[in-house]
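Work through the exercises below with the model open. Try each task before reading its solution.

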Amino acid sequence: MAIETMTAALVAWLAYCAGYCVRYFGVAGALTWLLHGPLRARLLRFRIQREFPSRRSTNGEILWSISNAACTGIVATLSLGAVQGGYTRMYFDVSDHGIAYAALSALVVVLGYDTWFYWQHRLLHTRWMFERVHAVHHRSTNPTPLATFAHHPVETLLGNAYFVLVLLALPMHPLSLAAAGGAIWAIGLVAHLGYELYPRGFVRHPLLGWFNTATHHNLHHTEIGCDYGMWLNCWDRWMGTNHPAYAAVFEAATQRRPEVGRIDLSVAGAEARSASGVGQAAAASAPATAAGA
Ligand SMILES: [Zn+2]
Ligand SMILES: [Zn+2]
């Protein structure tokens with residue numbers, strides 16, 4: 001019986017990992033290949049950094065993403081056992097709570113994850129955690145979509161813990177959970193795109209500005225001690241952790257002439273910092289607090 005259970009768990013883990021890799025590398029891999037290959041010249045003007053990442057950097061993203069698949073697979077397999085054993089609040093008949101609840105619960109999970117992510121990210125940027133865990137993700141200073149889940153196993157487990165808590169605390173339909181997971185993944189892909197596709201004025205817009213951009217997270221990968229949020233800009237605003245040059249860098253990325261095809265982060269940052277004494281102080285402290293924010 002024990003052997004049968006372990007065999008079933010192993011099969012479930014392998015199936016999860018295979019499905020994960022097909023989805024992840026099918027989408028993120030294809031996107032990276034398209035952006036850096038066939039569409040490379042056509043989309044140059046949208047690149048946030050002029051340089052393209054090295055093959056070595058991208059290979060590292062692939063390897064750590066596989067590690068993420070393996071670890072997430074373990075948590076998913078254990079969670080499946082918990083669902084089958086009736087230890088979670090997952091339900092399978094949509095009519096139990098209605099379609100509106102199914103949709104709303106997915107939205108709540110995405111919103112909740114955004115807050116979880118911000119504070120998890122702040123924890124990962126404490127010196128101890130950064131050096132031992134989160135530095136893996138920051139090996140990508142010029143990320144591609146393949147960096148989205150290129151995480152150390154401890155970081156993977158921290159992220160997975162959120163979904164385990166959701167399963168235990170919230171009545172969730174599997175499709176709602178899948179929709180929330182897909183949305184969170186899509187948000188991560190945009191953040192690590194390496195290209196800024198949003199229109200000029202997006203960051204300064206009174207409503208749109210509450211949503212983060214690819215430039216926002218790209219700055220996090222180059223400057224490190226800032227821009228911890230993923231989807232919404234709320235916590236970075238409230239905690240004062242937006243990079244002081246964020247809006248200026250975004251405007252530079254979206255206002256430059258097409259033939260320039262690049263932005264110079266140091267120039268854009270210097271312009272913004274010179275325009276703001278507060279920004280100057282914050283920018284000056286950012287590198288020193290890179291691992292201790
Ligand atoms: Zn980070
Ligand atoms: Zn990242």
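The exercises go from the whole chain to single helices, helix pairs and loop residues.

This is a predicted model, in which local features need pLDDT of at least 70 and side-chain atom pairs count only at pLDDT 80 or more, while totals for chains, interfaces and linings use all residues. Residues are numbered from 1 along each chain as its sequence is written, chains are lettered from A, and ligands are numbered from 1 in the order in which they are written.

**Exercise 1. The whole chain**

Task: Count the helices and strands in the chain, then find where the pLDDT is below 50.

Solution:
- Step 1. Helices (H or I, at least four residues) and strands (E, at least two) are DSSP runs, numbered from the N terminus. The chain has 11 helices and zero strands.
- Step 2. Take burial next. A residue is buried if 20 or more other C-beta atoms lie within 10 Å of its own, exposed if 12 or fewer, and partly exposed in between, with C-beta atoms placed from the backbone. Of the 293 residues in the chain, 38% are buried.
- Step 3. Now contacts. Two residues are in contact if their C-beta atoms, placed from the backbone, lie within 7 Å. Take the contacts between residues at least 6 apart in sequence: 72% of them join residues at least 24 apart.
- Step 4. Check confidence. pLDDT is the predictor's confidence in each residue, from 0 to 100. The chain average is 88, and 87% of the residues score at least 70. Residues 257-264 have a pLDDT below 50, with 12 contacts in the model beyond near neighbours in sequence. Residues 267-293 are also below 50, and that stretch has 40 such contacts.

**Exercise 2. Helix α2**

Task: Compare the span of α2 with the expected one, and say what its buried residues pack against.

Solution:
- Step 1. The expected span is 1.5 Å times one less than the number of residues. Helix α2 (residues 55-84) has 30 residues, so it should span 44 Å. Its end C-alpha atoms are 43 Å apart, which agrees.
- Step 2. The buried residues of α2 include Trp-64, Asn-68, Cys-71 and Gly-73.
- Step 3. These buried residues pack against α1 (2-36) and α5 (153-169).
- Step 4. After α2 comes Gly-86, with a positive phi near 80°.

**Exercise 3. Two partners of α3**

Task: Describe how α3 packs with α6 and with α5.

Solution:
- Step 1. Two packed helices are described by the angle between their axes and the distance between the axes. Axes are lines fitted to C-alpha atoms, for helices over the stretch in contact, and angles run from 0 to 180 degrees between N-to-C directions.
- Step 2. The axes of α3 (residues 99-124) and α6 (residues 174-191) come within 8 Å and cross at roughly 40°. The crossing is right-handed, that is, the near helix is turned clockwise from the far one by less than a right angle; anticlockwise would be left-handed.
- Step 3. Residues of α3 including Ala-102, Ala-106 and Val-109 meet α6 residues, among them Ala-179, Ala-183 and Ile-184. By class, this contact has 10 nonpolar, two polar and no charged residues. Ala, Val, Leu, Ile, Met, Phe, Trp, Tyr, Cys and Pro count as nonpolar, Asp, Glu, Lys and Arg as charged, and the others, Gly among them, as polar.
- Step 4. For α3 and α5, the angle is about 150° and the axes are 11 Å apart. This crossing is right-handed. Trp-116 and Gln-120 are among the α3 residues here, and Glu-155 and Tyr-162 among those of α5. The classes are seven nonpolar, two polar and one charged.

**Exercise 4. α7, α9 and the loop after α7**

Task: Describe the α7 and α9 pair, then locate Ile-224 and Asp-227.

Solution:
- Step 1. The axes of α7 (residues 214-223) and α9 (residues 246-255) come within 10 Å and cross at roughly 120°. The crossing is right-handed.
- Step 2. Thr-215, His-216 and Leu-219 of α7 touch Tyr-246, Val-249, Phe-250 and Ala-253 of α9. In α9, eight of its 10 residues are buried.
- Step 3. Most residues other than glycine have a negative phi. Ile-224 has a positive phi of about 70°, and Asp-227 one of about 55°.
- Step 4. Ile-224 lies in the loop between α7 and α8 (234-238). Asp-227 lies in the loop between α7 and α8.
- Step 5. Ile-224 is buried because 21 other C-beta atoms lie within 10 Å. Asp-227 is buried, with 25.
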